[in-house]
Amino acid sequence: MKKPKTIRKHQQSLKAKLVEKFEAYLLNHAHGLFSSLGRLTRTPFTSAMTILVLAVAIALAGSFYIVVANIQQLTGNLEASNQMSLFLKDNITDSAGQKLADQLKQHPSSESVKFITKKQAMEEFKANSGFGEALTALDTNPLPSVIQVQPKNSLDSNEDIEKLMTEFKQLPQVDFVQVDMQWIERMQTIMLIASRAVFLVSVLLGFAVTFITGNTIRLELHNRRDEVYISKLVGATLSFIQRPFLYCGFWLGFIAGFSAWLIITIMLLIVESPVEKLSTLYNSGFELQFLGFFEFTALLLLASSLAVLGSWGVLHYQFRQLKPQ
């Protein structure tokens, strides 16, 4: 039976060995990471051309995404188009209409509720229609009171919109309810097509990034085949031999992703001023949306992952074919 001191020494020795192995593991990976970056800098023209091609492919996918995102913002995420207008009966007073509006504010499906009296409706119509003088000749106000209801997340399902319309139509104070369902369906379809188009284009460009990186690593492996042969002869493991090539692919994808973000940002900055001017002419508060921090991070991770995947696929195939001569 071992003495306690002997057991403690054995545990400390084992712990020291584990720490030493972990430090060696980190050192090897750090060496592979930075040595692969240094190798890229030794062929600046070739590396720059490869990165530029990858960056353009990634920037195209990112540009389609940000265009759709801005279109969604321009349309108010399609939420303003499904506003319901509840036209009240002529015998409903302003106080009764306001009371009904207050009740509708408590409805679980209502995002916001606005009550417009007959007088307010007439003043707004006079200001916007261009018939102000002619309308003053009317003895009575023919316009009804209106309650405008903005539903919550109602674009998720057309059935929900129709159910809410039916519920509001059954209110005794309401004459009829108006909402442009056809417009909503059209906008839903347009945005669905745009989103799927962005997805398909992104997938195709993702394959392009993977194949381009894989071909670059294949050429790099061909140029260093003698080094690989010697490493295999001296007993180097496959993971050790692959490591610098995988890190080379990582750097290609990472730098290309960052370059793609720069390209997208520069393009947005170029069109930002004309877009803001056009927004001002239409009295709109639209502001051009740029890639956020989360989207920027996702772009880098996705570009790096695709590049590493392409590198790994080529290495896995080539090393099975590679035999020392």
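At 12% relative accessibility, does T50 count as buried or exposed? T50 counts as buried, since its value falls under the 20% cut-off. We return to this residue in one of the close-ups below, all of which show a predicted model.

**View 1. The whole protein chain, before we zoom in.**
Let's start with an overview of the predicted model. The protein chain holds 10 helices and four strands. Read from the N terminus, its elements follow the order α-α-β-α-β-α-α-β-α-β-α-α-α-α. Of the 325 residues in the protein chain, 34% are buried. Among contacts with a separation of 6 or more, 81% join residues that lie 24 or more positions apart.

**View 2. Four strands make an open, antiparallel sheet.**
Here we look at the sheet, whose strands are arranged in the order 2-3-1-4. The pairing is antiparallel. Strand 2 (110–116) and strand 4 (174–178) are at the edges and have a single partner strand each, so one side of each lacks a neighbour in the sheet. On average, and with direction ignored, neighbouring strands of this sheet are turned by 20° against each other. Helix 3 (residues 94–105) lies across strand 1, strand 2, strand 3 (146–151) and strand 4. Relative to strand 2, helix 3 runs at about 175°.

**View 3. Strand 1 and its two partners.**
Now we move in on strand 1, which covers residues 84–88. How many bridges join strand 1 to strand 4? There are four, and the two strands run antiparallel. Strand 1 also pairs with strand 3 in the antiparallel sense, again over four bridges. F87 is a handy landmark: its bridge partner in strand 4 is F176, while its bridge partner in strand 3 is V146. One place along, L86 stands opposite V177 in strand 4.

**View 4. The side chains of strand 1.**
Staying with strand 1, we turn to its side chains. In a regular strand, side chains alternate between the two faces of the sheet. M84, L86 and L88 point one way from strand 1, whereas S85 and F87 point the other way. All of these residues are buried. Strand 1 is therefore mostly covered, with five of its five residues buried under the 20% cut-off.

**View 5. Helix 8 has a buried face and an exposed one.**
Which residues of helix 8 (residues 225–233) are buried? They are V228, Y229 and S231. Looking down the axis of helix 8, these buried residues fall within an arc of 165°, so they line one face of the helix. On the face turned away from that buried side sit the exposed residues D226, I230 and L233. Just beyond, helix 8 is followed by G235, which has a positive phi near 95°.

**View 6. R243, a buried arginine without a salt bridge.**
This close-up takes us to helix 9 (residues 238–281), where R243 is found. R243 is buried yet has no salt bridge. The nearest side chain of opposite charge belongs to E227, 12 Å away. What does R243 touch, leaving aside its neighbours within four places in sequence? R243 is in contact with N28 and H29.

**View 7. T50 and its contacts.**
Back to the residue from the opening question: T50 lies in helix 2 (residues 44–74). With a relative accessibility of 12%, T50 is buried. Not counting residues up to four places away in sequence, T50 touches I212, T216 and L252.

**View 8. Two pairs of residues that are separated in sequence.**
The last view joins two examples. A208 belongs to helix 7 (residues 181–223). Its relative accessible area is 25%, so A208 is partly exposed. A208 and V53 are 155 residues apart along the chain, and their C-alpha atoms are separated by 9.7 Å. In helix 10 (residues 293–321) we find S305. S305 is partly exposed too, with a relative accessible area of 45%. From C-alpha to C-alpha, S305 and G249 are 9.0 Å apart in space, with their positions 56 residues apart in sequence.

How values were computed:
Residues numbered from 1 in each chain as written. Predicted model: local features only at pLDDT ≥ 70, side-chain atom pairs only at ≥ 80, totals over all residues. Heavy atoms only, no water. Pairing = 2+ DSSP bridges. Axes fitted to C-alpha atoms, helices over the stretch in contact; angles between N-to-C directions. Contact = heavy atoms within 4.5 Å. Buried < 20%, exposed > 50% of the residue type's maximum accessible area, 1.4 Å probe, protein only. Lys, Arg positive; Asp, Glu negative; His and termini not counted. Salt bridge = Lys/Arg side-chain N within 4 Å of Asp/Glu carboxyl O. Arc of directions from axis to C-beta.
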